[in-house]
Structures are given as C-alpha cells and as structure tokens.
Amino acid sequence: MTIRVVVADDQELVRSGFSMILEGQPDIEVVAEAGDGAEAVEAVRRHNPDVALLDIRMPRMDGIEACRTISAESACRTVMLTTFDSDEYVYEALHAGASGFLLKDVRRDDLVHAVRVVARGDSLLAPSVARRLVAEYTRPTRRAPRPDPRLDALTARERETLLLLARGLSNAEIAAELVVSDHTVKTHVGNVLAKLGLRDRIQAVICAYESGLITAGSPPAGG
C-alpha cells in the first residue's frame, strides 16, 4: 500500500527537501505541497492523504489550527515539525490531534520511519517532546483532573492497559507486565481507543492524565 502524504512548510527549500526524501521511498507518494496551514487543509480535502507533515509556525493559518481542522474533518494523521525542541506549542499541537512530533533537524531515515509509523495508526514523539508532554502534566500549577465518564466503559484489564500506556510502555512491555500475548495487548489497546473515541496512543496518554487516572508521582509500571 502506498502512503499518501501532504507536506506543509512556509520555507520552500525545507518543504522541497522533505518531499524529495519521502518521494525517494517506494511506498510513499507526496500528493501535494503547501506553503501555509490554509493550503494544507485544502490539500488534505482535495487529495485525502494518509499523513500530513505540518510545520507549526506558518502564515495565514499555523500548523496547530491546520492540525485541529484536519483531525476534525478527516482520517488523515498529522506529524508536526518544528525548529526548536523548546517550542511552547508542543502540548497544544498534541492536544489538537497530532500523532507525531519531530524536530526539523530529524535524520532522513527517522523522517521516513515517522511517516510509516503514523500511517499505520501508531504515534511517535521525539524524546525531548515526550519529556515536555510529561512535564506539562506534572507541573504544580496544572489544573485539577476532571473525571471522565468514558472510562466507565473500560473493563478492568483495559484500564490497566491505559494506565501502562500512560506510563510510556510499549506493547511488548505491556504484554510482559500483564503476562499476556502481544496480540492480546493490541486488542486491549484497540478497545481502549475505540471506547474512548481516541485516535492514537498520544491521545490515550492525555486522557489518562486529564482524567486523573495517572498523576504526578504515580509509581512506575511494576512498582
């Protein structure tokens, strides 16, 4: 299956560079390029791609708003790109529905890997971005968690799976923790996402923190 991609960045050389890298892969096709968020949204509407690479800082409509619109209107998954790992919009972008977050100095192979990972329904964060997400939910001034009634639909094992997802465990690690097969874990993860109406693991982590299922100071998995 060919992965169809839209690349959006206001810098033509950056945009062309990413497109050239992706076009060099036998399983990836760049169906459109866009110079700002509004063009990116229109390109997604017109071409119905699998993945959109969105620069966060673009004119007319920034990447976050474009991500929010694309996530609401389509099944296209988004990977956010930024120049700095200190970008203050990390949390907002993830909350808007981004499935991946990379720095623009990403290596060629890592960019291709990210597109493939996100296209198959998984999520991917640069390590520095993952640390920022955790920091957002563990800062002392964060507002109190809000109970989420959707959690009531989960079985006990599905709640355990969500908790382990929120602690950053991979499927293999969750399988070892729960003493079940990888296939069973994939089923649990799929059920969690479906019952909570979530797109991917990143949104599951956000849900777990915002609902208070996991909080700052919670013991690590296995603890």
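What percentage of the 223 residues of the protein count as buried? The figure is 48%, where buried means under 20% relative accessible area, exposed means over 50%, and partly exposed lies in between, with a 1.4 Å probe and protein chains only.

Before you select anything, note that this is a predicted model, in which local features need pLDDT of at least 70 and side-chain atom pairs count only at pLDDT 80 or more, while totals for chains, interfaces and linings use all residues. Residues are numbered from 1 along each chain as its sequence is written, and side-chain values use heavy atoms, with hydrogens and water left out.

**The whole chain**

Show the protein as a cartoon, and you can look for 10 helices and 6 strands; these are DSSP runs, helices being H or I with at least four residues and strands E with at least two, numbered from the N terminus.

**Helix H2**

Next, select residues 37-47, which form helix H2, and colour Gly37, Ala38, Ala40, Val41, Ala43 and Val44, which are buried. An α-helix has 3.6 residues a turn, so residues three or four places apart point the same way. To see what covers the buried residues of H2, add the elements that include strand E1 (3-8), strand E2 (28-34), strand E3 (51-55) and helix H3 (63-73). Just after H2 comes Asn48, whose phi is positive, near 50°.

**Asp36**

Now move to Asp36, in the loop between E2 and H2. Is Asp36 buried or exposed? Asp36 is buried, because its relative accessible area is 7%. Asp36 also caps the N-terminal end of H2, with a side-chain oxygen 3.0 Å from the backbone nitrogen of Ala38. If you then show Met58, Pro59, Arg60 and Met61, you will see the residues in contact with Asp36 once its neighbours within four places in sequence are left aside, contact meaning heavy atoms within 4.5 Å. With Arg60, the side chain of Asp36 makes a polar contact of 3.1 Å, that is, a pair of N or O atoms within 3.5 Å, where within protein one must be able to donate a hydrogen and the other to accept it, and residues adjacent in sequence count only if both atoms are side-chain atoms.

**Around Arg120**

Finally, select helix H8 (171-178) and helix H9 (182-196), each of which supplies at least two residues of the lining of the second largest pocket. H9 gives the most to this lining, with 3 residues. Other parts of the chain can be added too, since the lining residues include Arg120, Asp122, Arg199 and Arg201.

Notes. 1 Å grid on protein atoms, 1.4 Å probe; cavity = no way out; pocket = protein on both sides within 12 Å on 5 of 7 lines; lining within 4 Å.
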